[in-house]
Amino acid sequence: MIFNFTVFLLTLVAMEGVGFLAHKYVMHGWGWCLHKSHHEEHLGAFETNDFYLLALALVAIALIVAGNHGHDPLQWVGAGVTAFGLIYVFVHDGMVHRHWPARPRPRSRYLKRLYSAHLLHHSVKGRRNSVSFGFLYAPSAATLKKQLRNSRAAPATESRGDDAMGADLQNG
Ligand SMILES: [Zn+2]
Ligand SMILES: [Zn+2]
């Protein structure tokens, strides 16, 4: 039981790393076409960015099924992936973006920090020069604002799309 719980917790922590890398290099990289919807104004309940959540759910289900068919402890890895997905949905979709009818508010210092960090992520229009790609861990707002100033001050090393040129720091 302790072993299973350790696997679960380690997966949850590892998923923050996986999520950070996926957000920074896939979603803001070659997978931008799907994530783009999330950085634009939209009115619908769903956006193409939700495909990433769907993919995460399929991975979690596959792991749990494999674990329950003799590949122990994959079901606990799957449980960790599921927990990460649920926290993401609650914090990101519910608390930060308010996609829900019920709108949980960030009350603790930790949640407030996640909240403002993610708003700073969205303060940059377009896929380049963003900050704060994590979901469960966030640097302080001061650190992120410094990163934003630096990225805007840095000379363009590659031809930047017009989407990056509209980068603007809002929300603080
Ligand atoms: Zn993003
Ligand atoms: Zn977001």
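A residue is taken here as buried when its relative accessible area is under 20%, as exposed when that area is over 50%, and as partly exposed in between. By this criterion N129, which has a relative accessible area of 24%, is partly exposed, whereas S132, at 8% relative accessibility, is counted as buried. Both assignments, like every value reported below, refer to a predicted model.

The protein comprises seven helices and zero strands, so that its order along the sequence reads α-α-α-α-α-α-α. Of its 172 residues, 38% count as buried. When contacts between residues at least 6 apart in sequence are considered, 56% of them join residues at least 24 apart.

Two zinc ions are present in the model, and the protein donors of each are histidine NE2 atoms. The zinc ion designated ligand 1 has as its protein donors H23, H28, H35, H39 and H121, each through NE2, at 2.1 to 2.3 Å. Along the chain these donors follow the spacing H-x4-H-x6-H-x3-H-x81-H. Because H28 belongs to helix α1 (residues 2-30) and H121 to helix α5, this pair ties together parts of the chain that are 93 residues apart in sequence. H28 and H121 are both buried.

The zinc ion designated ligand 2 is coordinated by the NE2 atoms of H38, H92, H97, H118 and H122, at 2.0 to 2.2 Å. The corresponding sequence spacing is H-x53-H-x4-H-x20-H-x3-H. Here H97 is located in the loop between α4 (74-96) and α5 (109-122), while H118 is in helix α5 itself, so the pair links parts that are 21 residues apart in sequence. H118 has a relative accessible area of 5% and is therefore buried.

Helix α5 thus carries H121, a donor to the zinc ion of ligand 1, as well as H118, a donor to the zinc ion of ligand 2. The helix has 14 residues and reaches 20 Å from its first C-alpha to its last, which is close to the 20 Å expected at 1.5 Å a residue. Its buried residues include the histidines H118, H121 and H122, together with L111, L114, A117 and L120. The elements that cover these buried residues include α1, α2 (32-35), α4 and α6 (141-153).

The packing of α5 against α6 was examined further. The two helices pack at an angle of about 10°, with their axes 10 Å apart; since angles under 35 degrees count as roughly parallel, α5 and α6 are therefore roughly parallel to each other. On the α5 side the contact involves S116, A117 and L120, which meet A141, L144, K145 and L148 of α6. A117 and L120 are also among the buried residues of α5.

The loop between α5 and α6 contains both N129 and S132, the two residues with which this account opened. Most residues other than glycine have a negative phi, and most peptide bonds are trans. Against this background, phi of N129 is near 65°, a positive value in a residue other than glycine, and phi of S132, near 60°, is likewise positive in a residue other than glycine. With respect to the peptide bond, D72 and P73 are joined by a cis linkage, for which omega is about -5°. P73 is placed in the loop between α3 (50-68) and α4.

Further along the sequence from P73, L74 lies in helix α4, and with a relative accessible area of 30% this residue is partly exposed. Apart from residues up to four places away in sequence, L74 touches L63, I64, A66 and G67. The C-alpha atoms of L74 and F8 are separated by 9.4 Å, although the two residues are 66 residues apart along the chain.

In the unreviewed UniProt entry, the annotation "transmembrane region" covers residues 6-26, 51-68 and 74-91. In the model, residues 51-68 are 100% helix and 0% strand, with end C-alpha atoms 26 Å apart. For residues 74-91 the span is again 100% helix and 0% strand, and the end C-alpha atoms lie 26 Å apart.

Definitions and conventions: Residues are numbered from 1 along each chain as its sequence is written. Chains are lettered from A and ligands numbered from 1 in the order in which they are written. This is a predicted model: local features need pLDDT of at least 70, side-chain atom pairs count only at pLDDT 80 or more; totals for chains, interfaces and linings use all residues. Side-chain values use heavy atoms; hydrogens and water are left out. Donors are N, O and S atoms within 2.8 Å of the metal (3.2 Å for Na, K and Ca); water is not among the atoms, so sites may look incomplete. Helices (H or I, at least four residues) and strands (E, at least two) are DSSP runs, numbered from the N terminus. Buried means under 20% relative accessible area, exposed over 50%, partly exposed in between (1.4 Å probe, protein chains only). The expected span of a helix is 1.5 Å times one less than its number of residues. Contact means heavy atoms within 4.5 Å. UniProt positions are given in the numbering used here, feature names are shortened, and annotations may be inferred rather than shown by experiment. Axes are lines fitted to C-alpha atoms, for helices over the stretch in contact, and angles run from 0 to 180 degrees between N-to-C directions. Angles under 35 degrees count as roughly parallel, over 145 as roughly antiparallel, 65 to 115 as roughly perpendicular and the rest as oblique.
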